[in-house]
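This report covers a predicted model of a complex. It starts with one chain, then turns to contacts between chains, domains, the nonpolar core and confidence.

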Amino acid sequence: MSAHLTRRSVLAGTGALVVSFSSAARLLAQAPQSGAAANAAKDLPGSLEKSPFLDSWIRMDADGGVTVFTGKAELGQGIKTALLQVAAEELDVSFAAMKLVTADTARTANEGFTAGSHSMQDSGVAIMNAAAQARAILIAEAARRLGVNADELKTENGVVRAPDGRTVGYGELVSDQLLHVEAQPRSPLKDPASFKIMGKSQQRVDIPAKVSGGEAYVQDLRLPGMVHARVVRPPSYGATLTSVDTGAVEKMPGVVKVVRDGNFLAVVAKREFQAIQAMRALSAAAQWHEEPRLPNQSDLAHVITSLPARDVPNLDRRQPNVVTAKKLEAVYTRPYQMHGSIGPSCAVARLDGEMMTVWTHTQGVYPDRDAIAAMLRVPKEQVRCIHVEGSGCYGHNGADDAAGDAAVIARALPGTAVRVQWMREQEHGWEPYGPAMVGKVSAALDAGGHIVDWDYEVWSNTHSMRPGGAGALLAAQSLAQPFAPPEPKPLPLPEGGGDRNAIPIYRLPSARVLYHFIPTMPLRISALRALGAYLNVFAIESFMDELAAAAGADPVEFRLRHLDDDRAREVVTTAAEHFGWSSFRRGPGRGRGFAFARYKNLAAYCAVAAEAEVDRETGRARLVRAVAAIDSGQAVNPDGIANQTEGAILQSASWTLYEHVTFDNTRITSIDWSTYPILRFDSVPESVDVHVIDRPGQPFLGSGEAGQGPTAAAVANAIADATGKRLRDLPLDRGRIRQALGA
Amino acid sequence: MKLNVNGREHEVDAEPDTPLLYVLRDHLELNGAKFGCGLGQCGACTVMVDDQAVFSCLTPILLLEGRRVTTVEGLGTAEKPGPLQQAFIDEQAAQCGYCIAGMIMRAHALLARNASPSRDDIRAALEPNLCRCGTHMRIIRAVQRAAGKRTAEAAAGGGR
Amino acid sequence: MRKTLLAVIAVVVIVGAGIAALVWRPAIDRVNRPAAGSFDAALIKRGGELAAIGNCRSCHTAPGGREFAGGLGVPTPFGTIYSTNITPDEKTGIGAWSEAAFRRALREGVDRGGRHLYPAFPYDHFTLASDDTIKALYAFVMTREPVAATAPANTVPFPLNLRPLLAGWKLLFLRKGPFEKDPGQSEEWNRGAYLVNGLGHCGACHTPRNFLGAENKHQAFAGGETEGWTAYALDAASPAPVAWDKAALAFYLRNGWQGDHGVARGPMSEVTDNLAAVPMADVQAIATYMASVAGPHRASNTPSPRRERQGAGGPGAAIYAAACATCHDAGRAPPYGGIDLSLSTGPSGPTARNAINVILGGLPAEDEQRRPIMPGFAGVLNDRQMADLLAYVRARFSDKPPWTDVEKQIRDARTEQSRVHPGPAPEPARGSPGEKEARQ
């Protein structure tokens with residue numbers, strides 16, 4: 001029997017907000033703490049620090065509907081579902097009754113970029129705590145109205161229940177300002193042992209629409225009167241538009257406008273195919289002046305290490321006079337590699353009066369908004385960026401640039417929604433790549449087979465040229481009054497960029513790690529999933545195998561010999577056991593490989609054991625099976641973690657075996673899937689098993705990038721085991737394997 | 001010209017050389033078929049024309065007179081998914097999901113001609129379609145699941 | 001009367017003995033499989049190169065099967081012949097074959113047990129192989145991975161499946177080796193002739209055959225067909241819009257494509273895949289010889305102006321413009337993008353078959369190598385639309401009269417689903433031995 005509350009009594013209740021807030025505060029101060037929210041006295045957990053008001057995260061309607069807000073974006077990693085699970089669990093609202101609003105500069109907190117596997121740590125923690133505190137406030141309010149003690153009340157499915165059976169729904173308890181309070185540092189979080197939704201493999205909320213043609217992507221957005229635009233990009237970096245006769249194009253069927261601003265050239269048409277045809281004609285009509293400015297592709301490692309660099313010391317614990325028995329050294333290299341998003345970038349923009357709204361799949365609506373505003377030379381408040389899903393981006397792809405393009409064109413057509421869709425060749429040719437890198441490692445073993453000295457140097461560009469400044473956008477760089485690209489900067493440790501995971505996690509009595517930060521960027525680069533960790537872990541974990549061999553030790557046992565962290569040891573042994581490491585028998589042409597890393601040395605732990613097969617005739621290597629173990633801390637959605645890790649393994653296997661951006665001295669030449677082949681079904685392994693180690697109550701560690709580095713090394717180690725030859729230059733493609741075998 | 005899509009006749013005001021993909025998306029506002037490359041290399045645009053899986057990005061509508069086009073929307077809805085769609089949901093066979101509608105159509109064509117494909121059959125059939133997120137294992141399992149259901153139904157003597 | 005009878009019997013016996021002597025071949029004793037280590041590494045490597053020229057792997061490997069383990073069905077007018085297992089497996093392969101047995105198989109078409117082999121195994125070419133060549137090949141095959149596999153039974157009907165009859169075939173058509181040099185020609189030419197007419201067995205596809213399935217030696221390289229593909233004439237009757245010269249041939253054979261001629265497809269793409277890993281000197285030799293087969297020696301060859309007929313219209317024009325032009329008229333540098341059809345031999349071929357095969361099957365993406373990808377249009381074009389398109393392509397991109405019998409060829413191609421092999425040879429990885437040479 002619910003207590004009958006009149007509107008008057010509800011409003012009158014507002015006056016008691018302060019009281020109820022303080023009773024809530026007392027409640028919070030007494031509540032038992034789960035580890036995840038434990039923080040220093042003043043700090044607020046996760047993104048609450050920057051956005052402390054609870055109703056920045058949780059809002060409730062009078063009918064009990066709950067809307068959760070996050071500044072993070074769904075990238076296909078399942079974050080929408082995971083965040084809803086967190087909120088549903090802590091709020092005690094049914095999963096189905098909840099809605100989620102994702103990154104929108106007008107509606108959500110500023111959580112920076114959805115990147116670095118930070119979403120659970122930032123947003124998940126904020127929502128978890130905000131939801132717990134909101135629930136406490138609702139209980140306190142109910143206690144006040146029902147005249148019962150707060151700790152006698154229970155919540156379930158959006159309803160507060162008193163011991164005598166009276167109930168009151170959340171919707172009846174809320175008022176405008178009830179949740180407009182700042183968060184407290186500590187929250188009455190649920191005991192993980194009682195979880196009903198968190199920690200379960202809840203089916204993803206976005207999948208049903210995606211398998212049935214529902215509106216799910218920014219590419220699906222259709223606004224009234226929307227027109228279609230295509231950009232004509234230059235044929236190469238820095239090319240300038242010397243002339244273009246737009247007259248004929250303007251007369252083509254459906255063409256609404258040709259936009260030219262300096263080197264920025266685009267055409268707008270009513271229908272999409274008309275825009276494509278007009279783009280082709282415009283492209284043919286455009287004359288560009290190009291300069292050969294790309295380096296020698298066949299000599300890339302040498303090019304990279306010869307560029308001017310700034311030293312960023314990571315670690316300097318070199319001991320003098322170390323007694324060594326064996327010394328080894330090796331150099332590992334990585335070419336430029338691509339995000340290669342399946343859906344080329346897309347954005348929709350519309351200028352209404354002074355307000356520019358951009359629908360975009362950028363990973364960072366706030367930074368992109370700031371960059372677009374700066375580019376348009378308007379105040380930030382006049383630009384709104386709303387995240388709508390794109391295809392998987394795996395980092396900084398063309399999304400931000402497409403948003404910039406759309407804004408420039410929309411400015412030329414006020415009041416009209418303009419949709420910009422990049423072509424495949426444009427995405428391949430203009431996205432910012434994962435930087436080419438070189439890692440040089442040398443180490444020494446003592447007579448007992450322990451590493452006693454370690455020296456690692458890594459050369460790389462920055463791994464982030466995200467906006468940060470209008471000049472990060474291609475459109476802004478090409479305007480008649482252009483913006484210069486921002487100064488590249490190294491990403492600071494402990495997360496790092498080119499030096500991410502450059503410091504091994506192993507016990508090393510004497511070690512030095514040095515990052516040669518290279519500001520000059522011969523090719524356009526930015527963040528690609530795992531950043532520098534992909535090459536660094538590839539190098540370190542390949543080298544660990546080389547050291548293990550020199551020590552006459554089993555690769556897994558050799559790693560355990562140097563690992564003190566218990567959670568690290570557990571993922572290692574779990575992966576090895578499930579792989580059948582100790583009972584493995586080499587079939588013809590087959591080998592096994594192992595690798596482990598803790599992402600950034602502070603995030604998720606991931607170990608990968610791989611079996612590979614090499615065809616000596618063709619040099620073709622393929623992944624036969626992989627077994628991984630991952631510890632992401634408290635697992636909100638274990639299947640989501642497994643899904644991401646399986647994906648990381650296959651994607652990294654593709655990078656590792658096949659992928660490199662190609663170019664001549666002027667142009668990028670890998671501009672479609674024929675010239676940049678990636679893994680297809682014919683090379684898919686027989687099985688990929690991911691064991692998710694759940695740590696209830698432990699902090700969230702993220703999971704999206706943990707598998708990239710270990711997979712690369714596990715595959716390389718398996719190839720070495722199968723062939724007896726060690727390959728150190730990525731990708732480990734057929735030509736290189738044949739050469740190694742033939743030599 | 002007239003186009004038959006998912007069992008319905010549509011009068012479409014598009015030039016005959018317009019690729020089917022843009023007619024589906026722009027004129028008929030169907031989201032399933034996607035632009036991935038426009039070059040026939042990635043399969044995100046895959047639909048069925050009669051009983052064949054084709055790249056809609058390279059199929060001009062002038063070729064489609066009197067033929068039946070089926071898109072993923074024709075297999076079921078989010079509320080009432082068809083068996084193949086349900087299998088993808090059950091296996092949670094998607095990460096970003098952009099390739100999935102194309103995969104489903106390619107799989108649909110396979111199952112129509114081979115009700116119990118081996119794993120190798122499935123892999124060969126899906127070769128024209130790319131997945132960048134690495135969801136391949138789940139996609140294969142989803143197709144196997146749908147096939148298993150089908151053959152189970154057929155064996156039960158009913159089927160649909 | 002008795003004398004006549006005796007005489008007849010004597011003649012029958014003598015002729016019979018003669019025939020038997022011709023037909024019967026002794027078995028050569030089994031040997032223990034020689035240890036892989038007993039072969040010199042350089043010899044094995046050379047054997048591998050020669051095996052690549054001989055295209056051994058392509059025939060002796062079934063699709064999806066183990067390398068050299070046989071099982072590929074070769075369709076002939078006389079039934080399907082399945083290639084044998086030539087891995088050194090002692091039970092099911094040739095592991096128990098001595099070098100002498102191996103030599104006899106290549107030179108005379110007789111297996112170790114004395115059985116005559118079908119000339120689907122082109123011993124009428126391999127007979128030219130020198131002792132050194134055979135020695136190297138033997139070292140190569142004996143050091144492959146042994147695989148236990150037995151080929152399916154041939155589907156040659158009675159009485160053609162009686163192997164002794166092959167002795168008769170050989171009597172008529174097998175000109176045993178060794179190769180004889182032409183003293184009036186250069187070393188390189190002779191080497192090319194040796195490779196082309198010997199291991200390369202180019203004539204097996206490119207020379208027309210008589211009703212008994214033997215090559216018409218008087219029409220060498222006048223064109224043939226294989227597995228649903230036309231192997232174009234390589235002599236003066238070549239239909240290529242731009243005449244082949246040595247440089248173009250060498251590049252094409254090496255890389256599987258050439259700017260003035262298009263892209264290798266079908267069985268030829270396997271040949272160029274193999275030649276990608278063969279020493280350039282061998283490829284140059286082959287090119288030298290074939291250039292002389294093609295016609296008078298040319299120092300260089302400027303391509304003719306783009307051959308395009310104005311006014312080639314019809315319903316095919318709209319199909320081409322809508323489905324093909326995006327790639328084929330984009331002007332992208334070969335071998336990627338669509339090739340310039342005015343330079344491709346396909347539209348000028350004697351039949352539409354090659355064009356049909358490619359339009360139906362495309363150049364499928366596979367095995368993660370940089371290769372041109374072309375979608376197949378089998379599901380998109382019905383037969384009438386295909387015929388319209390072909391008529392347009394023929395009229396616009398060649399100066400030959402219209403193809404005939406196109407509808408039947410389309411139907412045949414659809415049912416046979418001619419194996420459209422992977423496209424041109426992958427570009428060698430940076431730093432690999434083939435890389436620089438590919439650019440020459």
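Among contacts in chain B between residues at least 6 apart in sequence, 59% join residues at least 24 apart; two residues are in contact if their C-beta atoms, placed from the backbone, lie within 7 Å. Of the 160 residues of chain B, 61% count as buried. A residue is buried if 20 or more other C-beta atoms lie within 10 Å of its own, exposed if 12 or fewer, and partly exposed in between, with C-beta atoms placed from the backbone.

The model is predicted: local features need pLDDT of at least 70, side-chain atom pairs count only at pLDDT 80 or more, and totals for chains, interfaces and linings use all residues. Residues are numbered from 1 along each chain as its sequence is written, while chains are lettered from A and ligands numbered from 1 in the order in which they are written.

**Chain B**

Chain B has 5 helices and 5 strands, in the order β-β-α-β-β-β-α-α-α-α from the N terminus. Helices (H or I, at least four residues) and strands (E, at least two) are DSSP runs, numbered from the N terminus. Along the principal axes, the C-alpha atoms of chain B fill a box of roughly 45 × 35 × 30 Å. The radius of gyration of chain B is 15 Å, which agrees with the value near 15 Å for a compact globule of 160 residues; the radius is taken over C-alpha atoms, and the globule rule is 2.2 Å times the number of residues to the power 0.38.

In H2(B), the buried residues include Leu84(B), Gln85(B), Ala87(B), Phe88(B) and Ile89(B). After H2(B) comes Gln92(B), with a positive phi near 50°.

**Contacts between chains and domains**

Chain B places 47 residues in contact with 49 residues of chain A. On the chain B side, the elements that give two or more residues are helix H1 (20-27), helix H2 (83-90), helix H3 (100-113), helix H4 (119-126) and helix H5 (136-155). Chain C and chain A also meet, through 17 residues from chain C and 20 residues from chain A.

The domain bounds come from an automatic or database domain assignment. For chain A it gives domain 1 (7-208), domain 2 (218-290 + 339-430) and domain 3 (437-463 + 498-742). The centres of domain 1 and domain 2 of chain A, taken over C-alpha atoms, are separated by 39 Å, and their contact takes 14 residues from domain 1 and 13 residues from domain 2.

For chain C the assignment gives domain 1 (23-173), domain 2 (187-303) and domain 3 (315-416). Between the centres of domain 2 and domain 3 of chain C there are 22 Å, again over C-alpha atoms. Their contact takes 18 residues from domain 2 and 20 residues from domain 3. Strand E4 (229-231) and strand E6 (262-263) of chain C are the elements that give two or more residues to the domain 2 side.

The table divides four contact sides by class. Ala, Val, Leu, Ile, Met, Phe, Trp, Tyr, Cys and Pro count as nonpolar, Asp, Glu, Lys and Arg as charged, and the others, Gly among them, as polar.

| Side | Touches | Nonpolar | Polar | Charged |
|---|---|---|---|---|
| Chain B | Chain A | 24 residues | 16 residues | 7 residues |
| Chain C | Chain A | 6 residues | 3 residues | 8 residues |
| Domain 1 of chain A | Domain 2 of chain A | 6 residues | 6 residues | 2 residues |
| Domain 2 of chain C | Domain 3 of chain C | 9 residues | 7 residues | 2 residues |

**Arg353(C)**

Arg353(C) lies in helix H14 (residues 353-361) of chain C. Arg353(C) counts as buried because it has 24 C-beta neighbours inside 10 Å. Leaving out residues up to four places away in sequence, Arg353(C) touches Gly228(C), Trp229(C), Thr230(C), Gln409(C) and Ala413(C). Val393(C) is 40 residues from Arg353(C) in sequence and 13 Å away in space, C-alpha to C-alpha.

**Nonpolar core**

The largest nonpolar core has 408 residues, and Val267(A) and Ala406(A) have the most contacts inside it. Such a core is a set of buried Ala, Val, Leu, Ile, Met, Phe, Trp, Tyr and Cys residues joined through C-beta atoms within 7 Å. Helix H4 (residues 119-146) of chain A gives the most to this core, with 17 residues. Beyond four places in sequence, Ala406(A) touches Ala347(A), Val348(A), Ala349(A), Val358(A), Val418(A) and Val420(A).

**Confidence**

The model scores ipTM 0.95 and pTM 0.91. Chain C averages a pLDDT of 86, and 91% of its residues score at least 70; pLDDT is the predictor's confidence in each residue, from 0 to 100. Residues 297-304 of chain C have pLDDT below 50, with 13 contacts in the model beyond near neighbours in sequence. The pLDDT is also below 50 over residues 420-440 of chain C, a stretch with 64 such contacts. Where pLDDT is low, the predicted coordinates should not be read in detail.
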